[in-house]
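Reader: I want to learn how to read a model like this one. Can we take it feature by feature?

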Amino acid sequence: MKSRTAQGAKMLAGRYYTDEAILKKEQARIFERSWLYVERVQAIPIGGYVLREVMGENLLLMRDTEGEVRVFYNVCRHRGARVCREEGGEIGAGVRCSYHAWTYGADGRLLGAPNMHEVAGFRREDYGLVGVATAVWEGFVFINFADEPQPFREAYAPLWDKFKAWELPSLVSVHQTVYEVKANWKLLFQNYSECYHCPTVHPVLNKLTPYRDSYNDLEEGPFLGGPMLMAGGAGSSMTMSGRLCALPLAGVAGEQLGLVYYYTLMPRMFLSLHPDYVLVHRGEVLGVDRTRVVCEWLFAPEAVAEADFDPSGAIEFWDMTNRQDWELCEISQAGVGSRGYRPGPYAELESQLAAFDREYLRIMEEVDDG
């Protein structure tokens with residue numbers, strides 16, 4: 001397998017994990033300019049809406065009767081009240097603000113504004129909901145807060161057709177677990193990106209995928225990762241038994257049947273692609289030292305329809321592994337805040353951490369002096 005190198009890099013200085021000013025700069029330079037994964041398309045009912053909180057903004061995700069998804073700030077154009085207050089619901093004849101009954105369609109147009117015809121020059125077409133740049137890729141909804149965001153197709157060019165074999169848009173969520181981790185978001189990315197710790201911390205995982213049996217096919221930029229070889233070959237998966245818990249996904253074939261693929265998509269998403277299911281992590285920054293992680297297990301609808309379908313082996317395996325990882329992230333957070341912390345050298349097996357740091361510092365326009 002291709003050799004890896006961390007190029008002599010060391011971990012980031014402690015301030016990058018503890019300083020509120022750094023977090024504020026991250027929000028301006030990373031989170032307000034990047035395409036952020038928000039939700040699965042299937043979580044939004046056709047003809048309905050859901051609310052999601054992203055970087056302090058309450059967003060209204062609407063899906064019209066044709067299935068098109070649009071995202072708006074959940075702010076009425078009259079006096080600024082929240083238009084929708086329930087976490088989800090039907091759009092019907094429009095979503096209506098409970099304050100003065102201004103009503104909006106799934107496309108954000110203002111449909112009704114009682115008594116505003118009495119206001120000289122008022123035009124409904126001037127007061128639609130304020131939209132957020134939206135893109136749908138592989139069944140995932142992304143948003144971008146920038147006034148002039150980089151086109152999604154351009155930003156995601158390295159990944160555009162990379163995962164077609166897993167038929168991601170058709171997969172259905174069978175389970176979701178939400179974790180709150182007392183650690184900076186970057187520590188979670190760094191932990192996910194290496195298996196140097198796997199022999200001691202994840203003995204079950206390491207038995208299924210020996211920690212050195214991996215390589216990376218994306219090694220620079222905002223998207224990093226690659227496959228790991230499963231010791232059991234075809235018929236294996238990352239489950240408590242080490243075997244498939246559903247039939248392989250229809251498009252997965254050949255060597256893919258003996259591999260599991262792991263990718264980080266800066267700054268909010270991990271993708272773990274197995275022969276029989278896909279695991280998605282969505283990270284939500286709650287503070288400089290707190291991160292919420294929404295983890296979903298996705299399976300093919302035909303697998304879910306089988307009478308003996310049982311995803312518990314995959315769910316239990318990753319819940320166990322997640323909790324082991326979050327504990328590591330939390331003890332790291334406790335350490336990097338100490339005056340005794342000195343950045344240590346990365347092992348060659350941690351090449352992806354060094355690559356993540358390089359991209360992070362590039363975006364931040366920072367030079368880490370340790």
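Reader: Let's start with a helix. Which residues of α2 are exposed on its other side?

Author: First, a caution: this is a predicted model. Now the helix. "Exposed" here means over 50% relative accessible area. In α2, E20, A21 and K24 meet that mark.

Reader: And which residues of α2 are buried?

Author: "Buried" means under 20% relative accessible area. Helix α2 covers residues 20-31, and I22, L23, E26, R29, I30 and F31 are buried there. Look down the axis of α2: these buried residues fall within an arc of 145°, so they line one face of the helix.

Reader: What covers the buried residues of α2?

Author: Several elements do. They include α1 (15-18), β1 (36-40), α4, β15 and α9 (351-364).

Reader: Now empty space. How many cavities of 30 Å³ or more does a search of the whole structure find?

Author: The general idea comes first. Rolling a probe the size of a water molecule over the atoms shows where empty space is left. In this structure, the search finds 2 cavities of that size. The largest holds about 420 Å³ of space, and the second largest about 80 Å³.

Reader: Which residues lie nearest the centre of the largest cavity?

Author: Y192, S193, E194, M228 and Y262. They belong to a lining of 32 residues. By class, that lining has 16 nonpolar, 13 polar and 3 charged residues. Helices α4 (185-192) and α8 (312-336) each supply at least two lining residues, and so do strands β12 (223-229) and β13 (259-265).

Reader: What lines the second largest cavity?

Author: Its lining includes W185, L188, F189, P267 and R268. M269, F270, H281 and R282 also line this cavity, along with G283, T291 and V293. The class counts are 7 nonpolar, 3 polar and 2 charged. Elements that each give at least two residues to this lining are α4, β14 (269-273), β15 (278-287) and β16 (290-299).

Reader: V293 caught my eye. Which residue of β15 or β11 has V293 as its bridge partner in β16?

Author: Read the strand from both sides. G283 has V293 as its bridge partner. Y179 has V293 as its partner too.

Reader: How many bridges join β15 to β16?

Author: There are 9, and the two strands run antiparallel. They form a hairpin with 2 residues between them. Strand β11 (residues 172-181) also pairs with β16 in the antiparallel sense, over 9 bridges.

Reader: Is β16 mostly covered or mostly open?

Author: Mostly covered. Of its 10 residues, 8 are buried.

Terms used
Residues numbered from 1 in each chain as written. Predicted model: local features only at pLDDT ≥ 70, side-chain atom pairs only at ≥ 80, totals over all residues. Heavy atoms only, no water. 1 Å grid on protein atoms, 1.4 Å probe; cavity = no way out; pocket = protein on both sides within 12 Å on 5 of 7 lines; lining within 4 Å. Points joined across faces, edges and corners; volume = space filled by probe spheres on them. Helix = DSSP H or I, 4+ residues; strand = E, 2+ residues; numbered from the N terminus. Nonpolar A, V, L, I, M, F, W, Y, C, P; charged D, E, K, R; others polar. Buried < 20%, exposed > 50% of the residue type's maximum accessible area, 1.4 Å probe, protein only. Pairing = 2+ DSSP bridges. Arc of directions from axis to C-beta. Contact = heavy atoms within 4.5 Å.
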